[in-house]
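Thank you for making room on the agenda; I would like to take you through one model this morning, going from the overall fold to a few individual residues. Please have the sequence and the structure open while I talk.

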Amino acid sequence: MAEWGAVEVHQLLDRFPATERTIEATSKIIDANGTVVGPALVGGNVPILCVWNCGDELYSGSFDAMTEQDWGARPRISDAAFAVK
């Protein structure tokens with residue numbers, strides 16, 4: 001059981017470059033089946049940081065890193081976004 005239930009805590013700003021630390025909105029990451037697999041933090045209409053679930057594992061990274069997962073079809077960022085103020 002030691003391998004299950006681990007909790008990791010990270011500073012959010014450490015996950016993306018200092019030049020891109022303005023988060024303007026959050027959007028949904030949607031797979032080929034229309035299932036929401038996580039949120040994308042967006043700045044300047046570009047996903048800065050994505051957090052996604054793939055195969056019961058939680059990942060975080062860039063949009064490009066996310067698309068390298070074995071999805072079968074490339075996931076997309078939804079057009080609808082929630083502004084972050």
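I will begin with how the model is to be read, then go through the strands, the core, and a few chosen residues.

What you see is a predicted model, in which local features need pLDDT of at least 70 and side-chain atom pairs count only at pLDDT 80 or more, while totals for chains, interfaces and linings use all residues. Residues are numbered from 1 along each chain as its sequence is written, and side-chain values use heavy atoms, with hydrogens and water left out.

Let me start with the fold. The protein has one helix and five strands, where helices (H or I, at least four residues) and strands (E, at least two) are DSSP runs numbered from the N terminus. Along the sequence these elements follow the pattern β-β-β-β-α-β.

Now to the pairing of the strands, for which DSSP has to find at least two bridges between two strands. Strand 1 (residues 25-30) runs antiparallel to strand 2, and six bridges join them. These two strands form a hairpin with five residues between them, and Gly 34 in the turn has a positive phi of about 80°. Strand 2 (residues 36-43) in turn pairs with strand 3 (residues 46-54), again in the antiparallel sense, over four bridges. Here the hairpin has two residues between the strands, with Gly 44 in the turn at a positive phi of about 60°, and Gly 43 has Val 46 as its bridge partner. Strand 3 also pairs with strand 4 (residues 57-61), antiparallel and over five bridges; Cys 50 stands opposite Gly 61 in that pairing. The hairpin of strand 3 and strand 4 likewise has two residues between the strands, and Gly 55 takes a positive phi near 65°.

Turning to the interior, buried residues make up 28% of the 85 residues, where buried means under 20% relative accessible area, exposed over 50%, and partly exposed in between (1.4 Å probe, protein chains only). The protein exposes about 6,200 Å², of which carbon and sulfur atoms supply 51%; these areas come from the Shrake-Rupley method with a 1.4 Å probe, and for residues only the protein chains shown count as cover.

Which residues make up the largest nonpolar core? There are nine: Ile 29, Val 37, Ala 40, Cys 50, Trp 52, Cys 54, Phe 63, Met 66 and Trp 71. Strand 2, strand 3 and helix 1 (63-67) each supply at least two residues of this core, and strand 3 gives the most, with three. By a nonpolar core I mean a set of buried Ala, Val, Leu, Ile, Met, Phe, Trp, Tyr and Cys residues joined through side-chain atoms within 4.5 Å. As background, nonpolar side chains in soluble globular proteins tend to be buried together.

Two of the core residues are cysteines, so a word on disulfides, which are pairs of cysteine sulfur atoms within 2.5 Å. Cys 50 is buried at a relative accessible area of 0%, and Cys 54 counts as buried at 17%, yet the structure holds zero disulfides.

Next, the aromatic rings. Rings of Phe, Tyr and Trp (its six-membered ring) pair if their centres lie within 6.5 Å, and planes under 30 degrees apart count as stacked, over 60 as edge-to-face and the rest as tilted. The count by this rule comes to one aromatic pair. Trp 52 and Tyr 59 form that stacked pair, at 5.8 Å centre to centre with 20° between the planes. Trp 52 is buried, at 2% relative accessible area, whereas Tyr 59 is partly exposed, at 30%.

Finally, two serines. Ser 27 lies in strand 1 and counts as buried at 7% relative accessibility. Beyond its neighbours within four places in sequence, Ser 27 is in contact (heavy atoms within 4.5 Å) with eight residues that I will list in full: Gly 38, Pro 39, Ala 40, Val 42, Ile 77, Ser 78, Ala 80 and Ala 81. Ser 78, in strand 5 (residues 76-83), is buried as well, at 10%, and with the same neighbours left aside Ser 78 is in contact with Ser 27, Lys 28 and Ile 30.
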